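Got a few minutes to go through a model together? Here it is, followed by some questions and answers.

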Amino acid sequence: LTMGTKASLRFLIVDDNEAVRILLTAMLTDLGHQVVGEADDPKTALEAYDQHKPDLVTLDLSLNVTLGRGDGLSVLKALRQRNAAAKIIIISGNSQIKIMEQVERDGAAAFVPKPIKEDALAAAIASATSK
């Protein structure tokens with residue numbers, strides 16, 4: 001990808017909240033990108049990643065762990081094991097420093113706090129794609 005061009009990127013959205021997936025899809029589309037898949041739990045996320053081979057993944061850290069199927073961090077690690085070059089943007093309402101440091105250590109490309117703002121999302125995409 002050459003920088004400066006508004007290249008359309010292919011996204012996989014991983015979030016257990018349908019309203020957030022709809023919001024992200026609208027924002028990404030508005031920014032000129034394409035959403036190729038959605039997932040609401042870790043298992044589906046990994047299957048969708050393998051199926052769609054997206055350019056970037058938006059990943060909610062607080063996936064519904066009550067379902068006992070792993071959380072956002074476990075998905076982040078699993079995606080990075082599948083593809084060390086995977087570009088993953090973490091989305092979370094928890095912006096504690098230790099959480100930020102943890103996701104960075106685990107290979108996240110960028111972080112967007114909730115409530116999600118389109119300019120913050122655009123900045124995270126720019127940051128993730130420049131690495």
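What follows is a short back-and-forth on the fold, one helix pair and a few single residues.

Reader: Before we start, what kind of model is this, and how are residues numbered?
Author: It's a predicted model, where local features need pLDDT of at least 70, side-chain atom pairs count only at pLDDT 80 or more, and totals for chains, interfaces and linings use all residues. Side-chain values use heavy atoms, with hydrogens and water left out, and residues are numbered from 1 along each chain as its sequence is written.

Reader: In what order do the elements of the chain run from the N terminus?
Author: Helices (H or I, at least four residues) and strands (E, at least two) are DSSP runs, numbered from the N terminus. The chain has five helices and five strands. From the N terminus on, the order is β-α-β-α-β-α-β-α-β-α.

Reader: What radius of gyration does the chain have, next to that of a compact globule?
Author: The C-alpha trace spans about 40 × 30 × 30 Å along its principal axes. The globule rule is 2.2 Å times the number of residues to the power 0.38, and the radius is taken over C-alpha atoms. For 131 residues that puts a compact globule near 14 Å, which agrees with the chain's 13 Å.

Reader: What share of the contacts with a separation of 6 or more comes from residues 24 or more positions apart?
Author: Contact here means heavy atoms within 4.5 Å. Among contacts in the chain with a separation of 6 or more, the share from residues 24 or more positions apart is 64%.

Reader: Are α2 and α3 roughly parallel or roughly antiparallel?
Author: Axes are lines fitted to C-alpha atoms, for helices over the stretch in contact, and angles run from 0 to 180 degrees between N-to-C directions. Helix α2 (residues 42–52) packs on helix α3 (residues 72–82) at about 25°, with the axes 10 Å apart. Angles under 35 degrees count as roughly parallel, over 145 as roughly antiparallel, 65 to 115 as roughly perpendicular and the rest as oblique. So α2 is, relative to α3, roughly parallel.

Reader: How many residues of the contact of α2 with α3 are charged?
Author: The contact is made by P42, A45, L46, Y49 and D50 of α2 together with V75, A78, L79 and R82 of α3. Asp, Glu, Lys and Arg count as charged; Ala, Val, Leu, Ile, Met, Phe, Trp, Tyr, Cys and Pro as nonpolar; and the others, Gly among them, as polar. That splits the residues into seven nonpolar, no polar and, for charged, two.

Reader: Which residues of α3 are buried?
Author: Buried means under 20% relative accessible area, exposed over 50%, partly exposed in between (1.4 Å probe, protein chains only). What covers the buried residues of α3 includes α2, β3 (56–60), β4 (87–92) and α4. The buried residues themselves are G72, V75, L76, A78 and L79.

Reader: What is the relative accessible area of V75?
Author: V75 is in helix α3. Leaving out residues up to four places away in sequence, V75 touches P42, A45, L46, L59 and L63. V75 counts as buried, at a relative accessible area of 1%.

Reader: Does D106 count as buried or exposed?
Author: D106 sits in the loop between α4 (97–105) and β5 (110–113). Not counting residues up to four places away in sequence, D106 touches L73, L76, K77 and R80. With 17% relative accessibility, D106 counts as buried.

Reader: And Q34, which residues is Q34 in contact with, leaving aside its neighbours within four places in sequence?
Author: Q34 lies in strand β2 (residues 34–39). Q34 is partly exposed, at 42% relative accessible area. Its contacts, with those neighbours left aside, are S8, L9, R10 and F11.
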